[in-house]
Amino acid sequence: LKGELKADLDQFETGIKLRDRHMKEKYLETAKEGNRSAVFKLTEAKIPDGFLDKGNKAENLPFKGTLKLHGIEKEVSGTYSAGLQSEKSTVDGEAQFKIKLTDFDVAIPSF
(Lines give C-alpha, C1' and ligand atoms only; values in the text may rest on other atoms or scores of the structure.)
Protein backbone atom coordinates (compact mmCIF):
# COMPACT_ATOMS: atom_id res chain seq x y z
CA LEU A 1 0.00 0.00 0.00
CA LYS A 2 1.00 3.59 -0.59
CA GLY A 3 -0.89 6.81 -0.10
CA GLU A 4 -1.02 10.29 1.40
CA LEU A 5 -3.15 11.89 4.10
CA LYS A 6 -3.28 15.64 4.68
CA ALA A 7 -4.80 17.02 7.90
CA ASP A 8 -5.79 20.66 8.43
CA LEU A 9 -4.41 21.37 11.92
CA ASP A 10 -6.70 24.40 12.33
CA GLN A 11 -9.62 21.94 12.40
CA PHE A 12 -8.28 20.00 15.42
CA GLU A 13 -10.35 20.42 18.57
CA THR A 14 -9.79 19.14 22.10
CA GLY A 15 -13.13 20.24 23.56
CA ILE A 16 -11.59 23.14 25.51
CA LYS A 17 -11.43 26.42 23.58
CA LEU A 18 -8.50 27.93 25.49
CA ARG A 19 -6.45 24.73 25.05
CA ASP A 20 -7.36 24.70 21.34
CA ARG A 21 -6.15 28.29 20.93
CA HIS A 22 -2.86 27.58 22.73
CA MET A 23 -2.31 24.40 20.70
CA LYS A 24 -2.82 26.18 17.38
CA GLU A 25 -1.23 29.56 18.15
CA LYS A 26 1.62 28.75 20.54
CA TYR A 27 2.68 25.19 19.73
CA LEU A 28 1.63 24.22 16.20
CA GLU A 29 1.84 27.85 14.99
CA THR A 30 -0.76 27.20 12.30
CA ALA A 31 -0.81 30.87 11.20
CA LYS A 32 2.77 30.54 9.89
CA GLU A 33 3.42 29.58 6.28
CA GLY A 34 3.64 25.79 5.90
CA ASN A 35 2.39 24.97 9.41
CA ARG A 36 -1.37 24.81 8.79
CA SER A 37 -1.34 21.18 7.62
CA ALA A 38 0.33 17.94 8.59
CA VAL A 39 1.03 15.49 5.76
CA PHE A 40 1.56 11.76 6.22
CA LYS A 41 2.88 9.75 3.27
CA LEU A 42 2.54 5.99 3.57
CA THR A 43 5.57 4.39 1.93
CA GLU A 44 5.32 0.77 3.04
CA ALA A 45 2.52 -1.42 4.36
CA LYS A 46 2.00 -5.02 3.44
CA ILE A 47 -1.43 -6.51 2.91
CA PRO A 48 -1.67 -10.09 4.21
CA ASP A 49 -2.35 -12.87 1.70
CA GLY A 50 -6.09 -13.48 1.44
CA PHE A 51 -7.04 -10.15 3.02
CA LEU A 52 -9.48 -9.31 0.24
CA ASP A 53 -11.48 -12.46 0.96
CA LYS A 54 -14.93 -11.67 2.32
CA GLY A 55 -14.92 -10.33 5.89
CA ASN A 56 -11.17 -10.60 6.48
CA LYS A 57 -9.27 -8.64 9.17
CA ALA A 58 -5.65 -7.67 9.72
CA GLU A 59 -4.35 -6.53 13.10
CA ASN A 60 -1.15 -4.92 14.38
CA LEU A 61 0.72 -5.00 11.09
CA PRO A 62 3.79 -2.77 10.58
CA PHE A 63 3.92 0.24 8.29
CA LYS A 64 6.43 2.97 7.41
CA GLY A 65 6.02 6.49 6.12
CA THR A 66 7.01 10.11 6.47
CA LEU A 67 5.29 12.81 8.49
CA LYS A 68 5.65 16.49 7.65
CA LEU A 69 4.69 18.59 10.65
CA HIS A 70 5.68 22.14 11.56
CA GLY A 71 7.68 22.35 8.32
CA ILE A 72 9.86 19.33 9.18
CA GLU A 73 9.63 15.93 7.51
CA LYS A 74 10.72 12.77 9.37
CA GLU A 75 10.36 9.04 8.89
CA VAL A 76 7.84 7.33 11.16
CA SER A 77 6.75 3.75 11.70
CA GLY A 78 3.94 2.09 13.57
CA THR A 79 1.19 -0.49 13.32
CA TYR A 80 -2.15 -0.61 11.57
CA SER A 81 -5.29 -2.70 11.75
CA ALA A 82 -7.92 -3.00 9.01
CA GLY A 83 -11.11 -4.86 8.31
CA LEU A 84 -12.87 -5.51 5.02
CA GLN A 85 -16.52 -4.48 5.17
CA SER A 86 -17.95 -6.83 2.54
CA GLU A 87 -21.46 -5.37 2.57
CA LYS A 88 -20.08 -1.92 1.71
CA SER A 89 -17.04 -2.99 -0.34
CA THR A 90 -14.90 -0.72 1.85
CA VAL A 91 -12.02 -1.11 4.26
CA ASP A 92 -12.08 0.42 7.75
CA GLY A 93 -8.82 0.87 9.59
CA GLU A 94 -6.72 2.69 12.12
CA ALA A 95 -3.02 3.31 12.57
CA GLN A 96 -0.81 4.23 15.51
CA PHE A 97 2.65 5.73 15.68
CA LYS A 98 4.58 7.80 18.20
CA ILE A 99 6.55 10.97 17.57
CA LYS A 100 8.68 13.30 19.66
CA LEU A 101 7.41 16.87 19.44
CA THR A 102 10.99 18.13 19.72
CA ASP A 103 11.89 16.23 16.50
CA PHE A 104 9.45 18.56 14.72
CA ASP A 105 10.56 21.72 16.54
CA VAL A 106 7.27 21.91 18.47
CA ALA A 107 7.62 23.24 21.99
CA ILE A 108 6.56 20.93 24.79
CA PRO A 109 3.16 22.18 26.00
CA SER A 110 3.13 23.63 29.51
CA PHE A 111 0.76 25.74 31.54
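Is Asp10 buried, partly exposed or exposed? In this predicted model, Asp10 has a relative accessibility of 24%, so the residue counts as partly exposed. The lower limit for that class is 20% and the upper limit is 50%.

Asp10 is a convenient entry to the salt bridges, of which the model has four. Its partner is Arg36, and the closest N and O atoms of this pair lie 3.5 Å apart. The contact links distant parts of the chain: Asp10 sits in the loop between strand 1 and helix 1, Arg36 in the loop between helix 1 and strand 2, and 26 residues separate them.

Arg36 also meets the side chain of Asp8 in a salt bridge, with an N to O distance of 3.1 Å. Here too distant parts of the chain are linked, since Asp8 belongs to strand 1 (residues 3–8) while Arg36 is in the loop between helix 1 (17–27) and strand 2 (37–45), 28 residues away. Asp8 is partly exposed at a relative accessible area of 26%, and Arg36 is partly exposed at 41%.

Another of the salt bridges pairs Glu29 with Lys32, whose closest N and O atoms are 3.2 Å apart. The distance falls within the 4 Å cut-off, so the pair counts as a salt bridge. Glu29 is partly exposed, with a relative accessible area of 22%. Lys32 has a relative accessibility of 47% and is likewise classed as partly exposed. As for shared partners, salt bridges join Asp8, Asp10 and Arg36 into one network.

Notes:
Residues numbered from 1 in each chain as written. Predicted model: local features only at pLDDT ≥ 70, side-chain atom pairs only at ≥ 80, totals over all residues. Heavy atoms only, no water. Helix = DSSP H or I, 4+ residues; strand = E, 2+ residues; numbered from the N terminus. Buried < 20%, exposed > 50% of the residue type's maximum accessible area, 1.4 Å probe, protein only.
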